[in-house]
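Me: I should like to work through this structure by question and answer. Please show the sequence and the model to begin.

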Amino acid sequence: MGNEFALGARDARAYLERIELDWPEQPTREALDGLVYAHQCSIPFETIDMYRCTEPPDLALDHVFDKLVTQHRGGYCFELNALFEALLASLGYEVRPCLCRAVCGAKVKDPINHRAVLVNLDGEEVLVDVGFGGPLPSASLSLVDGQEQIIHGESFTARRIDDYWWAVDRVTGAKKDLYGIEGPSRTQTELELCLATVTDKDFAALNLACSQPGIEFYEHRIANLRTKTGYYGIWDDTLTVRENGEKVRTALPDEAAFADACERYFGFRPHEA
C-alpha cells in the first residue's frame with residue numbers, strides 16, 4: 001500500500017485512541033512493536049457479520065475505518081491488516097501488503113487465504129500481522145532465516161522456503177501454551193508468506209473466496225482477542241477464556257448470552273442483538 005492510502009491525521013489520531021496509544025515521535029521498530037501489541041489487545045479478530053452472509057465484507061478503507069474505529073467492531077485479515085497498513089503509512093512507515101496462507105500446524109496446505117504487512121526498516125523488511133486471530137508474533141518479526149526470536153515470551157523463527165516464500169514457525173508451550181495447544185511442546189508452522197509484490201486489488205478475489213459456503217468464516221461465528229495474560233475466544237456457542245495458563249470454556253445457550261459475551265469480552269454487541 002503506497003502513501004496515497006495513508007490515513008489523514010484526524011483518522012490516524014482516532015485510530016491510535018482506539019488502541020490507547022499516543023502518536024509515536026518517530027517511525028521506529030520499538031514504536032512499531034508497541035503498535036502491533038496494542039492493536040492485538042484492543043481490536044478483535046471477528047467474523048460475526050460474515051456468518052451465513054450472502055455478501056463479502058466491504059473492503060473500502062473508509063468502510064473498514066468506520067467499522068473498526070467508529071463502531072468499535074473487529075474484522076478479519078483483509079480488513080484488519082489493510083487498515084493497520086494505512087495507519088503505519090500515515091505514521092511514516094514504508095509498508096506493503098503480502099499474500100499468505102494460514103497453516104496452524106496442518107500437514108495439508110490451504111490455498112492462499114491471508115493478508116499480512118511487510119514494513120521496511122532501514123532496508124530490512126519485517127513481518128507484522130494484527131489480523132491472524134491466532135498464534136502469530138505480538139510484535140514485528142525479522143525475516144532472518146533460522147533465527148529464533150523471543151517475542152513476549154513466545155518463540156518464533158522465520159524460515160526461508162525458496163526465493164519468494166517464507167514460513168513462520170512457533171514453538172508451542174504444551175500446557176502453558178498461550179493458545180491452549182497442549183501435548184508435548186513442539187515446533188509447528190503457523191503461517192507462510194510470499195514476498196512477491198501485490199496491491200490492494202489482489203485481495204478482492206480472496207475476500208470473496210473466503211466468504212463462501214463451506215469456508216469457516218461463513219459457517220461459524222468466530223472472535224479472538226489477545227490479553228496480557230492469555231486470550232478471549234468465541235467459536236459459535238462456546239466462549240473460551242484463557243488466563244495465566246488456565247482455560248475456562250462456557251456454553252452460550254442463546255442469542256442473548258452470545259451478545260452479552262461479545263459485549264463483555266470484545267467490546268461490541270452484534271447488529272442483530
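**Helix α2 and its surroundings**

Me: Against which elements do the buried residues of α2 pack?
Reply: The model is a predicted one. In α2, the buried residues are Ala-31, Leu-32, Leu-35, Val-36, Ala-38, His-39 and Gln-40. The elements that these buried residues pack against are α1, α4, β3, β4 and β10 (222-227).

Me: What distance separates the end C-alpha atoms of α2, and what span should its 12 residues have?
Reply: The helix α2 has 12 residues, and at 1.5 Å a residue the expected span is 16 Å. This agrees with the distance between its end C-alpha atoms, which is 17 Å.

Me: Which element gives the largest share of the largest nonpolar core?
Reply: The largest nonpolar core has 43 residues, and Tyr-15, Leu-88, Tyr-93 and Val-119 have the most contacts inside it. The elements giving two or more residues to this core include α1 (9-18), α2 (29-40), α4 (77-90) and β3 (114-121). The largest share, 9 residues, comes from α4.

Me: How many residues does the other core have?
Reply: Another core lies apart from the largest one. Among its residues are Cys-98, Phe-132, Ala-158 and Leu-191. The number of residues in this other core is 17.

Me: Which residue of α2 meets Glu-124 in a salt bridge?
Reply: Glu-124 lies in strand β4, and its partner in helix α2 is 95 residues apart from it along the chain. The closest approach given for the pair, N to O, is 3.9 Å, and a salt bridge requires a distance within 4 Å. The partner is partly exposed because its relative accessibility is 27%. The residue is Arg-29.

Me: Is Arg-115 buried or exposed?
Reply: Arg-115, in strand β3, is linked with Asp-200, in the loop between β9 (187-194) and α5 (204-209). Their side chains meet in a salt bridge of 2.7 Å, N to O. Asp-200 is partly exposed, at 27% relative accessible area. Buried means under 20%, and Arg-115 has a relative accessible area of 2%, so Arg-115 is buried.

Me: Which residues are joined with Glu-154 and Arg-170 into one network of salt bridges?
Reply: Arg-170 in strand β8 and Glu-154 in strand β7 are 16 residues apart, and their closest N and O atoms are 3.8 Å apart. Arg-170 counts as buried because its relative accessibility is 1%, and Glu-154 is buried at 9%. Through salt bridges that share partners, the network also includes Glu-190 and Arg-226.

Technical notes: Residues are numbered from 1 along each chain as its sequence is written. This is a predicted model: local features need pLDDT of at least 70, side-chain atom pairs count only at pLDDT 80 or more; totals for chains, interfaces and linings use all residues. Side-chain values use heavy atoms; hydrogens and water are left out. A nonpolar core is a set of buried Ala, Val, Leu, Ile, Met, Phe, Trp, Tyr and Cys residues joined through side-chain atoms within 4.5 Å. Buried means under 20% relative accessible area, exposed over 50%, partly exposed in between (1.4 Å probe, protein chains only). Helices (H or I, at least four residues) and strands (E, at least two) are DSSP runs, numbered from the N terminus. The expected span of a helix is 1.5 Å times one less than its number of residues. Contact means heavy atoms within 4.5 Å.
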